[in-house]
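Biologist: I keep meeting labels like "salt bridge" and "buried", and I'd like to see how they get earned. Can we go through some together?

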Amino acid sequence: MFEGHDPYLVALSVAIASLGGYTGFALAARIRNTPGVSNRVLLAGAAGFLAVGIWTMHFVGMLAAPLPPDTAYLVLPTIISFLICALVVGISLFFVSIGEPSLKRVASSAVLLGVGIASMHYVGIHGLAGHFGIVHDRTMVVLSVAVAIVTAYGGLRAFLAQQEGVRLIVSSTAFGIAVSGMHYTAMLGMNFEPLTGAAHHQVGGGLAASQQILSIVVAVLCFVIAAGFLLSLVPDQRRQTLNSVAAEPVASPVAAAAVELIAVPSAAPRPVGPLGGLGQPLRAPAPRLPVESADGTHFIETANVRSVRADAHYTRVHDGTRERMCPWSISEAEAQLDPSLFLRVHRSHIVAIPHVALVRKEGDGAVLELDGPSPHRVPVSRAKVAEVKARLGLANRRHA
């Protein structure tokens with residue numbers, strides 16, 4: 001498979017795919033745990049790094065291959081190959097990031113992504129221009145597509161795992177090896193055949209780039225991927241501070257005031273009126289919330305709900321592990337939830353007061369961190385800061 005290939009460029013292609021996978025998966029894992037940033041931004045970033053990693057790996061592998069010396073790269077097919085890759089990666093991540101990721105949905109997305117990666121490869125291959133023709137072994141084509149689909153399934157499973165540390169490293173390394181395996185499997189079934197003299201005139205009919213120009217483009221993209229990987233390793237200072245305070249339940253008031261982080265004391269909820277129903281008769285609070293999944297509507301106990309976030313005409317309910325779509329609007333959720341346990345702290349956010357672990361001042365407002373296997377943060381508007389402090393028993397702690 002690697003006969004005649006440059007071993008250093010082969011190793012670089014695997015490394016680039018792994019670094020792109022790590023950066024993309026790291027961004028994707030934050031989608032459900034970063035309320036302060038638009039999920040669309042994180043999803044676009046994850047899809048972008050994965051697509052650039054896959055595409056750059058492909059062309060590093062092409063530079064490593066023993067191609068004829070007069071080979072050039074047609075610009076249009078090369079660009080189309082990248083657009084195919086970016087499109088299928090983005091669509092696949094989108095479909096597994098909404099609703100409940102059932103096995104059928106993940107498998108369907110994996111087939112789409114695998115076929116897209118294979119299409120990107122073969123479109124890029126047929127962007128080669130020179131006095132030769134390209135012939136593919138059908139068996140190897142089928143095998144390479146199968147490898148791409150298995151690769152895609154593993155990658156999407158890594159995205160859904162939302163893990164960090166060693167497991168993320170293992171997943172991204174396996175992803176890099178698998179994507180490279182698809183490329184070199186396809187290359188094993190590819191052969192060059194010399195063209196006839198009459199066919200020579202058909203070559204070079206479009207805008208083409210030399211291998212030197214492609215090398216420069218690939219080098220720049222390698223730098224982008226490496227920079228994104230290094231940035232993903234930079235620790236989140238706010239997260240580190242929150243975790244360090246959470247690990248120290250007994251802290252001196254002076255130290256807490258110095259960093260403006262307050263460990264929330266357990267306070268008995270005080271009875272208040274309906275969250276959004278002033279002047280309306282009291283209603284029995286809903287004991288459960290409906291959440292949508294691929295196989296129907298499920299219900300989760302309100303005791304397990306950490307927060308509710310507005311999402312267009314619907315909401316997303318966080319249960320301490322992940323977000324799931326709820327058919328209620330934010331106003332309906334506000335009216336249905338128990339006001340002694342829940343408080344609307346922002347026009348787009350409702351939090352469960354008993355699950356608040358930390359509160360931190362930020363600008364004119366504040367940020368709450370809610371407990372659970374996957375702690376997450378919720379912003380507090382300036383108008384709600386005083387009420388939040390009162391509910392948490394911190395109203396008189398200004399000069400502590």
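**Earning the labels**

Modeller: Sure! Let's start with a pair of histidines: His346 has His349, in strand 13, as its bridge partner. Keep in mind that this is a predicted model.

Biologist: How do you know that strand 12 and strand 13 really pair?

Modeller: Two strands pair if there are at least two bridges between them. Strand 12 and strand 13 (residues 349-352) have 4 bridges, so they pass, and they run in the antiparallel sense.

Biologist: What sheet does that pairing belong to, and what is its strand order?

Modeller: An open sheet of 5 strands, in the order 11-10-9-13-12, with antiparallel pairing. The twist averages 25 degrees from one strand to the next.

Biologist: Why are strand 11 and strand 12 called edge strands?

Modeller: Strand 11 (323-326) and strand 12 each pair on one side only, and that is what the label says.

Biologist: On to salt bridges, then. How many does the structure hold?

Modeller: There are 7. One of them joins Asp371 and Arg306.

Biologist: What makes Asp371 and Arg306 a salt bridge?

Modeller: The cut-off is 4 Å between a side-chain nitrogen of Lys or Arg and a carboxyl oxygen of Asp or Glu. Here the closest N and O atoms are 3.2 Å apart, so the pair qualifies. Asp371 sits in the loop between strand 15 (365-370) and strand 16 (376-380), and Arg306 in the loop between strand 8 (296-301) and strand 9 (307-311), so the salt bridge ties together parts that are 65 residues apart in sequence.

Biologist: Why is Arg306 called buried, and why is Asp371 called partly exposed?

Modeller: Buried means under 20% relative accessible area, and exposed means over 50%. Arg306 has 12%, so it counts as buried. Asp371 has 28%, which falls in between, so it is partly exposed.

Biologist: What about Arg316 and Asp311: how do you know they form a salt bridge?

Modeller: Their closest N and O atoms are 2.9 Å apart, which is within 4 Å, so the name fits. Arg316 is at 10% and therefore buried, while Asp311, at 27%, is partly exposed.

Biologist: And what makes Arg344 and Glu334 a salt bridge?

Modeller: Once more, look at the distance: the closest N and O atoms are 2.7 Å apart, within the 4 Å limit, so yes, it counts. Arg344 belongs to strand 12 (residues 342-346) and Glu334 to helix 10 (residues 330-336), 10 residues apart. Both Arg344 and Glu334 are buried.

Technical notes: Residues are numbered from 1 along each chain as its sequence is written. This is a predicted model: local features need pLDDT of at least 70, side-chain atom pairs count only at pLDDT 80 or more; totals for chains, interfaces and linings use all residues. Side-chain values use heavy atoms; hydrogens and water are left out. Helices (H or I, at least four residues) and strands (E, at least two) are DSSP runs, numbered from the N terminus. Buried means under 20% relative accessible area, exposed over 50%, partly exposed in between (1.4 Å probe, protein chains only). Axes are lines fitted to C-alpha atoms, for helices over the stretch in contact, and angles run from 0 to 180 degrees between N-to-C directions.
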